[in-house]
Amino acid sequence: MSTPTGRKPFQGRSLTEVVTELTDEVRELYVADEVPWVIGYSGGKDSTAVLQLVWLALQGLPAEQRTKPVHVISTDTLVENPIVASWVSQSLETMRQAAAEQDLPIEPHRLTPEVKDTFWVGLIGRGYPAPRPKFRWCTERLKIRPSNSFIRRVVRRHGEAILVLGIRKAESQARAKAMAKHEKRRVRDRLSPNGNLPNSLVYSPVEDWTNDDVWLFLMQQSNPWGHDNKDLLTMYQGASSDGECPLVVDDTTPSCGSSRFGCWTCTLVEKDKSMSAMIQNDEEKEWMLPLLELRNELDVADDRHLRDFRKMHGNIQLFNDRNVPGPYTQKAREDWLRKLLHAQTYIRGNPNVPDHVRSIELITMEELHEIRHHWVFEKHEVEDSLPRIYKEETGEDFPGRPLDEHLAIGAEEIDLLREVCDGDELHFSTMRELLAVERRFRTMTRRSGLFEALETAVEKGFYENEEDAVENARRRRKRRDTPLFPLTEASTDASA
């Protein structure tokens with residue numbers, strides 16, 4: 001393993017000496033109290049190194065002292081790079097078996113976001129535009145919530161938790177600065193408080209290691225749960241030189257977009273270098289090309305033509321006197337669903353893909369049900385187009401539960417409504433929403449809220465077009481900013 005000129009690994013100390021010192025430290029912290037540990041495991045080099053150190057330390061303890069649990073959590077966003085996701089999944093299963101065989105209190109957990117928070121439900125269901133640095137809606141939902149929810153459950157059950165993370169000062173200047181700040185607040189040796197998760201402390205055993213130190217350790221110390229680290233090195237060599245995707249527990253953690261292994265849908269970076277390199281360097285990974293192409297289509301610099309001119313609830317938002325577009329239009333969302341299902345169907349039917357890829361699931365059935373619910377009940381797209389799109393792109397009937405007949409409107413009725421609206425899409429969507437509101441309240445015993453719902457639908461669509469809506473918003477803002485009784489010299493001189 002190459003090292004910078006003039007620098008020796010581990011600051012001139014031997015690997016054996018460093019590992020012995022750290023495993024002794026881990027054992028001392030482990031037996032010091034009954035607080036359970038939670039290790040963040042992404043499958044990358046840093047988290048693997050940390051988990052190996054903890055595993056080795058626990059192996060060196062007598063069985064009667066290995067009493068408190070060590071939870072290993074790995075967050076699967078459901079849009080992870082498929083190669084990395086497969087690696088992590090296999091590693092967790094191998095880990096589970098090895099821990100049982102070696103009588104270690106290590107419990108692996110694969111965490112996923114709630115179906116309402118997944119990437120495709122946000123983008124295709126709700127219409128959130130592809131994530132951007134100023135609208136990074138994905139990180140909180142896909143990464144932070146699942147891991148924080150698990151940690152909070154541990155804290156509620158035990159009163160406290162210690163997070164063991166593979167964070168290192170050498171990752172970046174920002175990371176080094178943040179870690180130095182937390183060091184000043186340490187309550188005991190090597191344990192720093194976590195400002196975002198009360199009653200949780202952070203332990204970072206490899207915080208002073210460099211990249212070379214990490215790889216030297218992984219290549220010379222065999223993996224104790226039996227997952228070959230040379231395969232991990234091969235995976236890294238097949239991509240770019242950036243860092244791994246870390247366990248994200250707050251919004252100060254670098255996003256997966258600025259790391260090497262992240263979500264294949266990520267538009268927070270200019271280009272997905274890791275997937276591009278994997279496809280270029282290995283013919284067996286060419287099956288991922290449809291994913292890369294779809295990711296690049298999502299990454300549109302100016303997507304105003306794909307988005308509604310109104311915000312999610314129908315209001316108009318101005319910034320510097322210019323309209324800020326809202327969610328993706330119905331057509332755009334339907335197109336994204338078509339492209340996603342087409343890519344999934346193509347990969348599954350490609351005879352050249354590896355066997356383990358033939359059942360790949362780019363979008364789960366639970367997500368499709370949730371998207372359908374959003375379209376019909378939240379966006380009032382009562383034509384219920386998802387089953388038809390699914391059938392056209394996969395060749396199979398949608399295995400979904402039938403919707404209540406009084407809520408959906410047939411294709412013939414929708415065509416007739418379009419004809420009546422004479423091509424006016426804004427008029428059509430408004431009339432369709434009014435019909436949806438009427439149908440929703442039709443079977444209710446008490447129709448409380450009907451008039452408010454009808455009024456909301458009218459307010460969202462009473463404009464002639466975008467220009468009319470923007471001009472109306474400007475007039476309303478001007479009236480709001482104009483004093484009701486403007487002060488004049490005469491009025492200011494008048495007596496009380």
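Is R358 buried, partly exposed or exposed? In this model, which is a predicted one, R358 has a relative accessibility of 32% and therefore counts as partly exposed. Its side chain meets that of D355 in a salt bridge, at 3.6 Å from N to O, and D355, at 66% relative accessibility, counts as exposed. Elsewhere, K116, D117, E140 and R145 are joined into one network by salt bridges that share partners.

Let me stay with salt bridges, of which a search of the whole structure finds 32. One of them pairs E392 with R338, with the closest N and O atoms 2.6 Å apart; because E392 lies in helix 13 (residues 386-394) and R338 in helix 11 (residues 330-349), this pair ties together parts that are 54 residues apart in sequence. Both partners are partly exposed, E392 at 45% and R338 at 23%. In another, R295 meets D299 at 3.4 Å, N to O, and here R295 is buried, at 1% relative accessibility, whereas D299 is partly exposed at 22%.

Turning to surface charge, a positive patch gathers R152, R153, R156 and R157; among them, R156 belongs to helix 5 (residues 137-158) and is exposed, with a relative accessible area of 63%. A negative patch is formed by E412, E413, D415, E419, D422 and D424, where E419, in helix 14 (residues 411-421), is exposed at 61%.

Finally, strand 1 (residues 37-40) sends W37 and I39 one way and V38 and G40 the other, all of them buried. In general, side chains in a regular strand alternate between the two faces of the sheet. Strand 1 runs parallel to strand 2 (residues 70-75), joined to it by four bridges, and W37 stands opposite V70.

Notes:
Residues are numbered from 1 along each chain as its sequence is written. This is a predicted model: local features need pLDDT of at least 70, side-chain atom pairs count only at pLDDT 80 or more; totals for chains, interfaces and linings use all residues. Side-chain values use heavy atoms; hydrogens and water are left out. Patches are made of residues with over 30% relative accessible area and no salt bridge: like charges are joined within 9 Å, nonpolar side chains (Val, Leu, Ile, Met, Phe, Trp, Tyr) within 5 Å. Accessible areas come from the Shrake-Rupley method with a 1.4 Å probe; for residues, only the protein chains shown count as cover. A salt bridge is a side-chain nitrogen of Lys or Arg within 4 Å of a carboxyl oxygen of Asp or Glu. Lys and Arg count as positive and Asp and Glu as negative; His and the chain ends are not counted. The place of a charge is taken as NZ of Lys, CZ of Arg, CG of Asp or CD of Glu. Helices (H or I, at least four residues) and strands (E, at least two) are DSSP runs, numbered from the N terminus. Buried means under 20% relative accessible area, exposed over 50%, partly exposed in between (1.4 Å probe, protein chains only). Two strands pair if DSSP finds at least two bridges between them.
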